[in-house]
Amino acid sequence: MAAAAISNRQLFIDGEWRKPILGKRIPVINPATEESIGDIPAATAEDVELAVEAARRALTRNKGKDWSRAPGAVRAKYLRAIGAKITEKKSDLAKLESLDCGKPLDEAAWDMDDVAGCFEYYADLAEALDGKQRSQVSLPMETFKCHILREPIGVVGLITPWNYPLLMAAWKVAPALAAGCTAILKPSELSSMTCLELAAVCEEVGIPAGVLNVLTGLGPEAGAPLASHPHVDKIAFTGSTDTGRKIMTAAAQVVKPVTLELGGKSPIIVFDDVEIDKAFANIFWLNGDCWIISDKKLLNGHFLGAFGQMVRSAVQHLAFWCIIDACCLKLYMPRPFQDPIKDSDSTEENISGEFLRKLVIWAQNIKVSDPFEEGCRLGPVVSEGQYEKIKKIISTAKSQGATILYGGGRPQHLGKGYFVEPTIITDVETSMQIWREEVFGPVLCVKTFKTEEEAIELANDTHYGLGGAVISKDPERCNRISEEIQAGIVWINCSQPCFCQAPWGGNKRSGFGRELGEWGLDNYLSIKQVTEYVSDDAWGWYQSPSKL
C-alpha cells in the first residue's frame with residue numbers, strides 16, 4: 001500500500017504557517033523501519049508567546065462576537081465542517097497516523113471515524129448551549145431574580161499524547177472550540193503530523209485566525225512555557241503522571257485550572273462462572289480471527305484492541321492486570337508454561353489454567369507486522385526510547401522472579417523496527433515494578449485470587465484509578481464490584497467501549513476532571529451568576545436613616 005505524502009509543515013499561528021523563530025526542526029522516524037521520513041517544526045518559548053497573543057486577540061476580536069460570544073450555532077458550523085473534512089481525508093490521515101506512530105492501518109482508520117464523530121457531537125452541544133444560556137435559578141425571595149451565563153474560560157493550552165495523536169487532540173479541541181475558547185494545541189513530538197493536518201483542515205474551512213493554533217515541539221521547550229504562561233487561562237493535559245505533576249506546579253503559580261488524564265494500571269477481574277470463550281470475546285473482542293468493532297454510526301465510538309500502545313488498552317496503559325478467579329481451588333501459575341491444568345494439583349476444572357492456555361494461543365496468533373500489511377493487529381511501539389523502556393521493564397520483571405509465559409522480545413521475522421512481541425507475564429508479586437508501574441507496551445500481567453474480597457483488594461492496591469472491568473455472569477456481583485473498584489470508569493462484561501457521550505477520566509494519580517460528554521464541554525466553560533433586584537422598594541440590608 002502506498003504511503004501517505006509527508007507535508008513539510010510549519011507552525012500554525014494566527015491562521016498562518018510560520019517557521020519557528022529559532023528555526024529548529026525535529027526528525028520524524030517511522031517506527032516500523034527506523035528510517036527518517038521527514039521532520040516537524042520545533043517551537044520554543046518565543047513561538048508560544050506569538051501563539052498566545054494570537055489566541056488572546058481571537059478571543060476578544062470584535063468584543064468576542066467573532067468567536068467567544070458568537071452563538072453556539074455559528075461555532076457548530078465550523079465544527080461540522082472540520083468533521084466533514086476529516087471524513088473526506090480519512091484514508092490519507094490514517095496512513096499518516098500509521099507512519100508516524102506505528103498504529104495498524106485499520107485501527108488508524110477507525111480513529112479517523114471517531115475524530116470526525118467527536119467534532120460532530122460537540123457541534124450539537126455547541127448549538128444546545130444557546131438554549132441553556134440565562135437559565136433561571138430558583139431563589140427564596142421574590143424580590144430577586146437570578147440567571148446563569150455559561151462563558152468560555154478563555155485561552156486554553158491543550159497538550160496531547162502520542163498513542164492516539166489526532167483522536168486525543170479532538171477530545172480536547174472539539175469541546176474547547178464548542179465552548180467558545182481559543183486554543184493552542186501542543187501534540188507529542190513523537191507523533192505530531194496528523195495534528196498539523198488538523199491545522200490545515202481548520203485553514204480550509206475558514207476558521208477565524210487565532211482560534212486554533214498548533215505548535216509542535218519538545219515538552220521542555222514548548223509544553224512547559226505554554227503551561228506556565230500567565231495569559232493561558234487553562235491547561236488540559238493527557239500524558240504521564242510525572243509530567244502532570246510539573247504542569248500542576250506551573251499552573252499553581254498563577255492559580256490556573258487544569259484537567260489531567262495521567263498514568264494508570266487497571267484491572268480486569270474474571271470470575272469462574274463465565275464461559276471461557278465468551279469471556280475472551282468480551283475482553284478481547286474476537287470473532288474467529290477478527291476483532292469486533294462497533295457500528296460507529298450508532299455508537300459514535302469503537303472498541304479498542306487489547307495489546308498495543310493504548311492509554312485505555314484493556315484496561316489501561318498496558319501492562320494491564322488480568323486477575324483470574326482461583327475459586328478457592330489449590331491453583332498456581334506454571335513455571336515454565338506447559339499445561340496449567342496438568343500442572344495443577346486440583347482435579348476440578350481450573351479456569352485459570354484454561355484461560356492462560358487460550359491466552360497464549362491467542363497471543364501466538366496476533367499478526368505483528370508493518371502497520372500497512374493487511375491483517376496487522378500489532379505494529380511497532382512509537383520510538384526507540386519507548387522500545388528500550390519496555391524491554392528493560394520486562395527484563396527487570398524476569399530478574400525479580402516473574403515468569404515470561406510468552407513473548408518478551410522482538411518477533412523473529414522482523415529484523416528492524418521497534419517491535420515487541422505480545423508478552424504475558426505470570427508469577428508476579430504485587431511489589432514488582434511490572435505490577436505497579438505502567439508499561440505502555442504490549443505486556444500483560446496475570447495473577448490469581450481466591451475470593452471476591454481479595455480481588456477487590458488487589459484491584460484497588462494501586463496509586464492509579466482510571467479504569468477497571470469485571471467479567472461475570474452474576475449481575476449482583478458485577479454491580480457490587482463496579483461500586484467497589486476505585487476508578488473513574490468501570491466496564492461490565494466488556495472492556496474498552498468508548499463513547500463521545502460518556503465521561504472519561506480517572507481518580508487518584510490517574511488525574512482529575514472528565515473529558516467527553518457534557519462533562520468535556522464543562523471543562524472549558526466558566527459559570528457566571530447574574531442576580532437582579534426586581535422590587536420597586538429601595539433595597540438595603542439596613543433600614544434607611546430617614547425611617548429611624
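Visitor: How many salt bridges does a search of the whole structure find?

Guide: The search finds 29 salt bridges, a salt bridge being a side-chain nitrogen of Lys or Arg within 4 Å of a carboxyl oxygen of Asp or Glu. This is a predicted model, in which local features need pLDDT of at least 70 and side-chain atom pairs count only at pLDDT 80 or more, while totals for chains, interfaces and linings use all residues. Residues are numbered from 1 along each chain as its sequence is written, and side-chain values use heavy atoms, with hydrogens and water left out.

Visitor: What makes the contact of glutamate 88 with lysine 85 a salt bridge?

Guide: The N to O distance between these two side chains is 3.7 Å, which satisfies the limit in the definition, so the pair is counted. Both residues belong to helix 2 (residues 72-88) and are three residues apart, about one turn of the helix; helices (H or I, at least four residues) and strands (E, at least two) are DSSP runs, numbered from the N terminus. Lys85 and Glu88 are also part of a network of salt bridges that includes Lys89 and Glu204.

Visitor: Why does glutamate 88 count as exposed?

Guide: Its relative accessibility is 56%, and the scheme calls a residue buried under 20% relative accessible area, exposed over 50% and partly exposed in between (1.4 Å probe, protein chains only). Glutamate 88 therefore counts as exposed.

Visitor: Which parts of the chain does the salt bridge of glutamate 452 and arginine 480 link?

Guide: The side chains of glutamate 452 and arginine 480 meet at 2.8 Å, N to O. The pair links distant parts of the chain, with glutamate 452 in helix 15 (residues 452-460) and arginine 480 in helix 16 (residues 475-484), 28 residues apart. The two partners fall into separate classes of accessibility, because glutamate 452 at 14% counts as buried and arginine 480 at 38% counts as partly exposed.

Visitor: Which side chain of opposite charge is nearest to lysine 234, and how far away is it?

Guide: The nearest is that of glutamate 515, 8.5 Å away. Lys and Arg count as positive and Asp and Glu as negative, whereas His and the chain ends are not counted. Since the salt-bridge definition asks for a much shorter separation, the distance of 8.5 Å does not qualify, and lysine 234 is buried yet has no salt bridge.

Visitor: Which residues is lysine 234 in contact with, leaving aside its neighbours within four places in sequence?

Guide: Contact means heavy atoms within 4.5 Å, and by that criterion the partners of lysine 234 include Val156, Gly157, Val258, Thr259 and Tyr524. Lysine 234 itself lies in strand 10 (residues 234-238).

Visitor: What makes strand 10 and strand 11 a pair?

Guide: Two strands pair if DSSP finds at least two bridges between them. Four bridges join strand 10 to strand 11 and the two run parallel, so the requirement is met. Within this pairing, isoleucine 235 stands opposite valine 258. Both faces of strand 11 (residues 258-261) are covered, with Val258 and Leu260 buried on one side and Thr259 and Glu261 buried on the other.

Visitor: Why is strand 8 described as largely enclosed by the rest of the structure?

Guide: Five of the five residues of strand 8 (residues 182-186) are buried, hence the description. Thr182, Ile184 and Lys186 point one way, and Ala183 and Leu185 the other way. Strand 7 (residues 155-159) runs parallel to strand 8 and is joined to it by five bridges, with valine 156 opposite alanine 183.

Visitor: Why do strand 5 and strand 22 count as edges of their sheet?

Guide: The open sheet has three strands in the order 5-6-22, with antiparallel pairing. Strand 5 (135-137) and strand 22 (525-533) each have a single partner strand, so one side of each is left without a neighbour in the sheet.

Visitor: Why do cysteine 500 and cysteine 118 not form a bond?

Guide: A disulfide is a pair of cysteine sulfur atoms within 2.5 Å. The closest cysteine sulfur to that of cysteine 500 is in cysteine 118, at 4.4 Å, which is too far for a bond. For cysteine 478 the closest, in cysteine 494, is at 9.9 Å, also too far. The search of the whole structure finds zero disulfides.
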